[in-house]
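Trainee: I should like a close look at a single part of this protein. Please take its nonpolar packing as the subject.

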Amino acid sequence: LLQNVTLMRLEEGGSQFEEGRVWVDVDKSMGLRASPFFQEAAYWQHRPVEWGTVPDVLGLDPHYARNYIFERYDDLVTDARGNSLEGLVRRLSEGNSSEVDAVLERIAAKDALSEAEARAALEELAEAGRPAGNCALVTGNWKRNRRYAMQASFVNPSTVGQALSFWMAPVTYNWTNDAKTAVTYRVRADKRGQMCPPKEVQRQGESEVMNTTIVEAGLNESSGILVRPTECPNGTVFGNSVYGGECVSCAPQGVVSDGACECNSSAMSAPAGGSACGPPYGLDAVSAHSLGEALCEAFTVEYKMLLDGEISDLVVSKEYLALFVEQAKPIMDTSMVEIGNLTFWANLLFDERRPEDPSRTRGILPGCSKCDTDGTFIDYATGEVSRPQDHRYQSIHTLRLIGYLLYQAGYACTTLFDVNDKFRKFYGSWEDAYCGVAMPS
């Protein structure tokens with residue numbers, strides 16, 4: 001059970017080596033409501049810190065309802081780095097059974113309850129059947145691509161027989177109606193979130209510890225001493241001591257320089273975590289902007305090759321969006337792709353093909369030598385009379401969608417999607433004759 005969560009300190013910006021701007025510091029009497037950072041919470045009709053269960057938030061993100069077999073979150077097994085998420089989402093059967101039984105007994109004796117008492121008992125039953133709270137939702141003026149460091153205190157959860165760790169994920173909000181009475185959430189970045197194990201703690205009385213900061217460890221209801229390493233191995237360097245310090249790795253995308261990490265020009269910076277340098281942007285890019293340009297250039301080349309008949313429409317339709325999403329991870333996340341995909345197919349689709357034109361049946365050119373004069377052919381697999389399937393229509397709009405996603409992320413790619421000419425003809429040249437069928441007059 002997670003309850004009585006108190007945010008002690010909030011820092012914005014900086015890195016593993018430099019302190020950022022401090023928005024909240026309990027030691028300096030900077031409470032949450034006094035901080036401008038948390039004034040955003042009132043707009044969303046939230047308190048700065050709310051607590052409940054993980055499904056209270058994830059249940060309003062449509063991503064987690066897309067595919068599951070028995071219950072929601074079946075595929076929420078590991079986090080973005082492969083750490084187990086066992087116990088993160090608690091099932092309804094994990095509610096307080098003793099409280100449930102007590103309420104059920106009162107409801108069973110319904111003749112002894114007034115209508116108001118019966119209604120109150122049903123509400124109490126619903127609450128007693130909820131899984132124990134294990135989630136704190138912190139609402140504030142968070143910014144993209146910014147480092148945040150938090151310190152919080154809370155009543156110890158039960159950790160008998162399990163390792164204590166913390167799961168974190170950034171969340172954005174959206175009103176579901178004009179009256180602004182209902183809010184929905186979307187988890188940003190990787191939908192699997194990030195599991196954050198606590199730092200190593202030396203138990204009291206075990207052995208002598210040097211270079212330490214004394215803290216209330218919050219592990220198994222005992223005090224401890226947070227270990228600060230006495231030295232760091234080659235390729236790593238001491239991090240910020242405000243939070244106890246740790247050895248931060250510069251490898252493999254950077255080197256130690258003047259007590260910090262200097263990352264390669266092609267590597268993304270990682271201002272939080274055990275490594276200061278993230279993976280390369282990819283496509284020889286050296287920044288988010290240059291990656292957007294490189295993606296536009298690469299898929300524009302693919303579009304031209306498609307029109308020239310050098311690549312398959314079917315391959316583009318089935319593979320290219322997944323390829324783009326993987327390569328574009330440094331500049332857009334799953335939620336951005338999902339929202340953009342929904343908007344594109346609902347509002348920006350158009351069909352420029354001519355009615356009854358043979359080009360509407362484009363897509364299996366190698367089989368056209370077998371077409372009859374009416375444009376049909378015998379499917380060698382089934383023996384049935386069939387017509388060619390049009391994969392060109394899907395393939396060109398897949399490329400348009402890629403251009404639209406780049407535009408939505410702030411990287412204009414007018415060769416694939418021009419916001420000033422949204423319905424520009426994109427299909428390519430027409431066939432004078434197709435499968436022996438003449439062009440209609």
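Mentor: The following account deals with the nonpolar packing and then turns to a pair of strands.

This is a predicted model, in which local features need pLDDT of at least 70 and side-chain atom pairs count only at pLDDT 80 or more, while totals for chains, interfaces and linings use all residues. Residues are numbered from 1 along each chain as its sequence is written, and side-chain values use heavy atoms, with hydrogens and water left out.

A nonpolar core is a set of buried Ala, Val, Leu, Ile, Met, Phe, Trp, Tyr and Cys residues joined through side-chain atoms within 4.5 Å; buried means under 20% relative accessible area (1.4 Å probe, protein chains only). The largest such core has 34 residues, and Phe324, Met332, Leu399 and Leu406 have the most contacts inside it. Two or more residues come from each of helix 5 (288-307), helix 6 (313-327), helix 7 (334-347) and helix 8 (392-408); helices are DSSP runs of H or I, at least four residues, numbered from the N terminus. Helix 8 gives the most, with eight residues. Leaving aside residues up to four places away in sequence, Leu399 touches Phe299, Tyr303, Leu306, Val316, Tyr320, Leu416 and Phe426, contact being heavy atoms within 4.5 Å. Another core, of 19 residues, lies apart from it and includes Val54, Leu58, Val183 and Tyr185.

Strand 3 (residues 49-52) and strand 4 are antiparallel partners over four bridges; strands are DSSP runs of E, at least two residues, and pairing requires at least two bridges. Trp51 stands opposite Ala136 in strand 4. Along strand 4 (residues 135-138), Cys135 and Leu137 point to one face and are buried, whereas Ala136 and Val138 point to the other and are not.

Technical notes. Buried < 20%, exposed > 50% of the residue type's maximum accessible area, 1.4 Å probe, protein only.
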